[in-house]
Amino acid sequence: MEAYRHEIILGTIILYMSLCVLIGLWSMGRTRNASDFFIAGRTLGPIVVSLALFASTLSGFGFVGGPGLVYSIGVSSFWMVVISATAFGLGFFLVSKRIRMIAELRGCMTIPDVIAARYGSELARLLVAVTIVLGVLGYLATQILAMSVVMQAILADTEMFADISLLSCVVLSSTVLVFYCVTGGVIASVYTDVLQGLVMMVAGFLILITAMQTFDGGLREASEIVLADDGESMMPFGAAGIITSLGWFFIFGIGLAGQPHIVTKMMMNKNLADNRSILPLSLLGYVVAALLWISIGLVMRAVVVSGGAEPLTLPDDAAATFLALFASPLLAGIVFAALFAAIMSTSDAFLNIGTAAIIHDIPRAVRGRPVENELLWARVVTVILAVVAAGFALFSYYRDATLVALLGAFGWSTFAASLFPVLAIGLNWKRATTAGAVAAVSSALAINFIVQLAGITLPWGITGGLAAFVTSLVLFFGVSYATPLPRLARDIDRVMEI
Amino acid sequence: MDRVLPYVIFAVVLAMAALLLLIGITEAPVNAAGVAHDTIPAMQAGGDGAARLKAIGGYAFAFNCMLLLFAILLCVLSVSPGKRTPAFFGWMTITFAVNILVWQQMYFQHQAFLETGDTGWFLGFPTATAWQVYGVWFAGVVMIAIYSAGFRRYILSEEDERRFEELLRESRDSQE
């Protein structure tokens with residue numbers, strides 16, 4: 001079996017990609033209008049929504065960057081994972097019921113639609129839509145780049161594709177992604193998410209078993225090795241320190257309810273009461289898949305510290321090196337398929353919400369009406385958005401990393417800082433005003449941009465995202481209280497009473 | 001309570017902002033956010049953890065207490081006032097107490113390790129880290145259990161569903 005390692009890995013990935021294409025073809029017949037394309041016509045059952053929700057949450061970062069962070073800074077990055085139960089819980093308490101109600105009541109297809117309905121403001125819709133487009137470009141570019149780099153590394157190990165270029169890998173990987181997003185819209189996106197979620201859960205569970213067997217003494221021996229080398233790295237705040245750790249607690253724990261690619265999924269379930277089971281199922285899926293993040297990172301740090309392997313050139317090589325050293329070819333194939341699944345499940349969610357912002361929300365905010373034939377334009381813009389993001393990714397790789405790094409700053413923390421107050425608190429607090437919402441979104445964008453552009457390093461490991469989040473919350477409440485009491489639309493007011 | 005709660009949440013947000021500001025202006029020891037590992041490139045070590053906690057440990061501890069309170073108060077805000085029964089407040093108080101217990105155990109077990117260099121172990125991790133890995137997860141699961149098990153009582157009753165159906169009907173009628 002070991003002699004055919006590369007072929008087995010490649011075969012597993014080809015099988016996974018083929019299934020994604022087949023799901024795209026199957027979904028095409030079920031996508032008849034823009035509502036089907038963007039929110040699956042609100043027809044999905046609890047298991048599909050649960051898997052789609054957690055698969056969108058765990059991106060390629062969880063499979064590459066996550067283990068790399070544990071290798072590099074120890075337990076600090078555990079905070080991003082262990083906070084997931086609180087994050088999902090809070091997200092469901094604050095958002096899931098009312099967003100689904102407003103979506104059905106007003107026929108909303110997107111988060112900016114919901115914001116416009118809640119605040120009665122096209123300016124709020126426009127600001128949120130622009131934030132989403134900027135974030136989508138950054139996220140997509142980094143995800144496409146990661147997917148292409150991994151694909152190039154895998155193909156380069158085979159005789160036939162030894163000299164394959166990064167450009168070819170960008171085209172190859174993006175084609176599969178764009179194919180199923182264009183043909184089946186969000187229906188294809190969520191059903192591929194189901195496949196992708198299952199692959200990630202299997203990979204997470206099998207990797208934990210493998211990691212526990214790496215040392216005779218299991219995870220405890222790995223922990224003891226890391227602790228003996230540097231005590232702080234194995235303690236709750238890791239090498240990055242208490243403030244960075246608590247900042248991640250804040251941004252990932254509270255901020256999940258502000259992630260547009262995740263909360264959009266809360267608009268898609270058929271029955272409101274399904275939220276009761278969607279929440280625990282989503283968390284279960286996430287926890288099982290995220291076991292990979294913690295176990296690979298910890299074991300690789302212990303292996304390198306104890307001299308069992310050469311130090312890694314880059315922390316992000318932790319997962320690939322672990323697979324090469326300790327995983328059977330079949331397990332390595334499953335984990336690489338899971339990596340592609342993680343990247344593609346997040347990317348398709350972003351392609352979908354980015355397209356919606358461009359053809360649905362921005363025209364409504366600027367011209368007061370949507371574009372004609374939204375379904376056709378949705379398909380065209382999905383392709384254009386993917387091409388532009390792939391272009392950013394290649395430009396970043398070959399010429400200048402600043403552009404993607406800048407757009408990458410519009411990642412999780414910017415969405416958390418700008419959208420959490422407006423959406424998650426705004427859906428539960430009638431006193432929130434349009435001025436408060438505009439102040440929160442603008443300040444979050446400005447602080448993240450300034451910190452990134454000026455290369456500002458804050459003391460004690462305080463991240464720009466944390467500073468932006470706290471500031472936007474202060475402004476959201478402060479400006480709302482300082483401006484006149486808003487007059488809510490009657491139907492929105494009644495939804496907020498329920 | 002309905003009118004006071006948002007003010008309380010705002011006060012908690014202001015307290016977090018003030019604590020963050022205090023932390024920001026406190027002079028940081030060398031390598032406050034980690035230091036390069038002695039021998040292994042691309043790896044960080046913790047530096048002087050005791051020095052870090054001595055300078056800002058109290059602020060950081062209070063900051064996370066405020067953060068946990070913020071999360072619980074937001075859960076309360078999301079439940080419509082009519083459903084905020086004494087039992088609901090009881091469950092939310094228990095959730096907050098569990099979160100605080102986990103946080104203080106984690107923090108003080110870590111501090112004890114810094115002072116003595118010794119630690120106990122639980123399911124593969126040093127005690128302080130075990131509180132983080134298992135405790136924080138468990139504390140969140142309590143919140144999820146309240147949501148799922150108390151769904152009909154606190155989140156969406158059958159009467160709520162009927163009210164929403166009626167609202168939908170009125171909306172459709174007015175459009176026709």
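This tour proceeds through a predicted model, stop by stop, with a selection to make at each one.

**Stop 1: helix H1 of chain A**

Begin by selecting Arg5(A), which is found in helix H1 of chain A. Arg5(A) has a relative accessibility of 12% and therefore counts as buried. Add its contacts beyond four places in sequence: Leu323(A), Ala324(A), Ala327(A), Ser328(A), Pro329(A) and Ala332(A). A distance label between the C-alpha atoms of Arg5(A) and Gly333(A) should read 8.6 Å, although the two residues are 328 residues apart along the chain.

Next, move along H1, residues 5–28, to Leu15(A). Is Leu15(A) buried or exposed? With a relative accessible area of 54%, Leu15(A) is exposed. Select Leu19(A), Leu22(A), Leu25(A) and Met28(A) together with Leu15(A) and display the surface; these residues make a nonpolar patch of about 450 Å².

**Stop 2: a salt bridge between H9 and H16**

The structure holds 15 salt bridges over all chains. Select Asp361(A) and Arg125(A), whose closest N and O atoms are 3.3 Å apart in one such bridge. Asp361(A) lies in helix H16 (residues 329–367) and Arg125(A) in helix H9 of chain A, so the bridge ties together parts that are 236 residues apart in sequence. Both partners are buried.

While H16 of chain A is displayed, select Thr346(A), which also lies in that helix. Its relative accessibility is 1%, so Thr346(A) counts as buried. Which residues does Thr346(A) contact, leaving aside neighbours within four places in sequence? The list consists of Ala55(A), Ser56(A), Leu58(A), Ser59(A) and His261(A).

**Stop 3: two further salt bridges**

Go to Arg220(A) and Glu224(A), which form a salt bridge with closest N and O atoms 3.0 Å apart. These two residues belong to helix H11 (residues 218–229) of chain A and are 4 residues apart, so about one helical turn separates them. Arg220(A) is partly exposed, at a relative accessible area of 37%, and Glu224(A) is partly exposed as well, at 34%.

Then select Lys430(A) and Asp493(A), whose side chains meet in a salt bridge at 3.2 Å, N to O. This pair links distant parts of the chain, 63 residues apart: Lys430(A) sits in the loop between H19 and H20 of chain A, and Asp493(A) in helix H22 (residues 490–497). Lys430(A) counts as partly exposed at 28% relative accessibility, and Asp493(A) counts as partly exposed at 27%. To see salt bridges that share partners, select Asp113(A), Glu122(A), Arg125(A) and Asp361(A), which are joined into one network.

**Stop 4: helix H20 of chain A**

Select residues 434–453 of chain A, the 20 residues of helix H20. From first C-alpha to last, H20(A) reaches 28 Å, close to the 28 Å expected at 1.5 Å a residue. Colour its buried residues: Gly436(A), Ala437(A), Val438(A), Ala440(A), Val441(A), Ser443(A), Ala444(A), Leu445(A), Asn448(A) and Val451(A). Against which helices do the buried residues of H20(A) pack? They pack against H8 (111–119), H9 (122–156), H19 (412–425) and H21 (464–482) of chain A. Following H20(A) is Gly455(A), with a positive phi near 60°.

**Stop 5: positive phi outside glycine**

Most residues other than glycine have a negative phi. Select Asn373(A), where phi is positive, near 50°, in a residue other than glycine. Asn373(A) is found in the loop between H16 and helix H17 (374–398) of chain A.

Now switch to chain B and select Leu123(B), which is not a glycine yet has a positive phi of about 45°. Leu123(B) is placed in the loop between strand E3 (121–122) and strand E4 (125–126) of chain B. At a relative accessible area of 60%, Leu123(B) is exposed.

**Stop 6: helix H4 of chain B**

Finish with residues 127–149 of chain B, the 23 residues of helix H4. H4(B) reaches 31 Å from its first C-alpha to its last, close to the 33 Å expected at 1.5 Å a residue. Where does H4(B) bend? Centre the view on Gly135(B), where the helix bends by about 30°. Of the 23 residues of H4(B), 17 are buried, so this helix is largely enclosed by the rest of the structure.

Technical notes. Residues are numbered from 1 along each chain as its sequence is written. Chains are lettered from A and ligands numbered from 1 in the order in which they are written. This is a predicted model: local features need pLDDT of at least 70, side-chain atom pairs count only at pLDDT 80 or more; totals for chains, interfaces and linings use all residues. Side-chain values use heavy atoms; hydrogens and water are left out. Patches are made of residues with over 30% relative accessible area and no salt bridge: like charges are joined within 9 Å, nonpolar side chains (Val, Leu, Ile, Met, Phe, Trp, Tyr) within 5 Å. Accessible areas come from the Shrake-Rupley method with a 1.4 Å probe; for residues, only the protein chains shown count as cover. A salt bridge is a side-chain nitrogen of Lys or Arg within 4 Å of a carboxyl oxygen of Asp or Glu. Buried means under 20% relative accessible area, exposed over 50%, partly exposed in between (1.4 Å probe, protein chains only). The expected span of a helix is 1.5 Å times one less than its number of residues. Contact means heavy atoms within 4.5 Å. The bend at a residue is the angle between axes fitted to the seven residues ending there and the seven starting there.
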